[in-house]
Amino acid sequence: MKSNGESIGDAAARFGLETHVLRHWEEEGLLHPARDPAGRRRFGDDDLVRIAVVLRNKAAGMSLEQIRVLLDEGAPDRHRVLQEHVAELDRRAADIAQARAMTEHALSCRAHDITQCPRFRAHIDDVLAGEAQWLVVHTEPPHRAAGAPAN
C-alpha cells in the first residue's frame with residue numbers, strides 16, 4: 001500500500017468490490033477514509049481493516065446496522081447486539097450440523113427414496129412438527145452478498 005493510502009478503486013479491487021459499495025459503507029458510517037488535497041478518498045490500513053471486518057461479518061449474516069454497532073466501541077447497546085448475533089450464529093451452526101448429518105446419511109443410505117427412510121426422516125422431525133425456527137437467508141452472488149447496499 002502507498003504511504004498516503006489507497007485510492008477507492010484500489011481498495012475496492014483489493015476486496016473484489018465495486019467502488020459504489022465503499023461509498024455506500026462510508027455513507028452508512030462504517031468507513032471514514034481520509035481525503036487528499038483534491039478531495040479524493042484515501043484508504044489507510046485502519047480503513048482496510050474495517051472493510052475486512054464488514055465483509056467477514058456480512059458473510060456471517062450481520063446487517064450493516066449490527067456491524068456499525070460492532071465497530072462503534074461507544075455504542076450503548078453493543079453488548080446486547082453482539083450477544084444476539086452469537087446466539088444466531090449458534091442456531092445457524094446447529095442447522096448446518098443437522099444438514100450435514102442429513103447429507104452424510106443420504107450419501108450412505110440404501111433406501112431408493114431417502115424421504116421414506118426413517119433414519120433420514122428423523123433429521124426433520126422438528127420441521128414436520130412445526131417446532132423449527134427459520135431465518136430466511138437471501139443468497140446472492142459472492143461479491144454482491146459481501147457488498148450489497150441492501151441493508
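**Salt bridges, burial and helix packing**

Biologist: Start with R100. Buried or exposed?

Modeller: R100 is exposed, with a relative accessible area of 56%. The scale has three classes: buried is under 20% relative accessible area, exposed is over 50%, and partly exposed lies in between, using a 1.4 Å probe and protein chains only.

Biologist: What sort of model is this, and how are residues numbered?

Modeller: This is a predicted model, where local features need pLDDT of at least 70 and side-chain atom pairs count only at pLDDT 80 or more, while totals for chains, interfaces and linings use all residues. Residues are numbered from 1 along each chain as its sequence is written, and side-chain values use heavy atoms, with hydrogens and water left out.

Biologist: Back to R100. Which side chain meets it in a salt bridge?

Modeller: E104, with N to O at 3.0 Å. The term salt bridge means a side-chain nitrogen of Lys or Arg within 4 Å of a carboxyl oxygen of Asp or Glu. In general, side chains of opposite charge can pair when their charged atoms come close.

Biologist: Where do R100 and E104 lie?

Modeller: Both are in helix 5, residues 78–108. They sit 4 residues apart, about one turn of the helix. Helices are DSSP runs of H or I with at least four residues, strands are runs of E with at least two, and both are numbered from the N terminus. E104 is partly exposed, at 41% relative accessibility.

Biologist: Which residues do shared salt-bridge partners join into a network?

Modeller: E26, R35 and R41 form one network.

Biologist: How many salt bridges by this rule?

Modeller: The count is 11. One of them pairs R68 with E28, 2.7 Å from N to O.

Biologist: What parts of the chain does that pair link?

Modeller: Distant ones, 40 residues apart. R68 is in helix 4 (residues 64–71). E28 is in the loop between helix 2 (19–27) and strand 1 (34–35).

Biologist: How accessible are R68 and E28?

Modeller: R68 counts as partly exposed because its relative accessibility is 22%. E28 is at 25%, so it is partly exposed too.

Biologist: What forms a salt bridge with R68 at 2.0 Å?

Modeller: E65, and 2.0 Å is the distance between the closest N and O atoms. R68 and E65 are 3 residues apart in helix 4, so about one helical turn separates them. E65 is partly exposed, with a relative accessible area of 46%. In space, E65 and L30 are 9.1 Å apart, C-alpha to C-alpha, although 35 residues separate them in sequence.

Biologist: Zoom out. How many helices and strands?

Modeller: The chain has 8 helices and 2 strands. From the N terminus, the order is α-α-β-β-α-α-α-α-α-α. Of the 151 residues, 29% are buried.

Biologist: How do helix 1 and helix 2 cross?

Modeller: At roughly 105°, with the axes coming within 8 Å; helix 1 is residues 8–15. The axes are lines fitted to C-alpha atoms, for helices over the stretch in contact, and angles run from 0 to 180 degrees between N-to-C directions. That angle makes helix 1 roughly perpendicular to helix 2. The classes are roughly parallel under 35 degrees, roughly antiparallel over 145, roughly perpendicular from 65 to 115, and oblique for the rest.

Biologist: Which residues make the contact?

Modeller: Helix 1 brings I8, G9, A11 and A12, and helix 2 brings T19, L22 and R23. Contact means heavy atoms within 4.5 Å.

Biologist: And helix 2, which residues are buried there?

Modeller: V21, L22, H24, W25 and E26 are buried in helix 2. Just after helix 2, G29 takes a positive phi of about 85°.

Biologist: Over to helix 5. H105: buried or exposed?

Modeller: H105 is buried, at a relative accessible area of 10%. It is part of helix 5. Setting aside neighbours within four places in sequence, H105 is in contact with C117, R119, F120 and H123.

Biologist: What does M102 touch?

Modeller: F120, H123 and I124, not counting residues up to four places away in sequence. M102 is also in helix 5. The C-alpha atoms of M102 and I124 are 8.8 Å apart, with their positions 22 residues apart along the chain.
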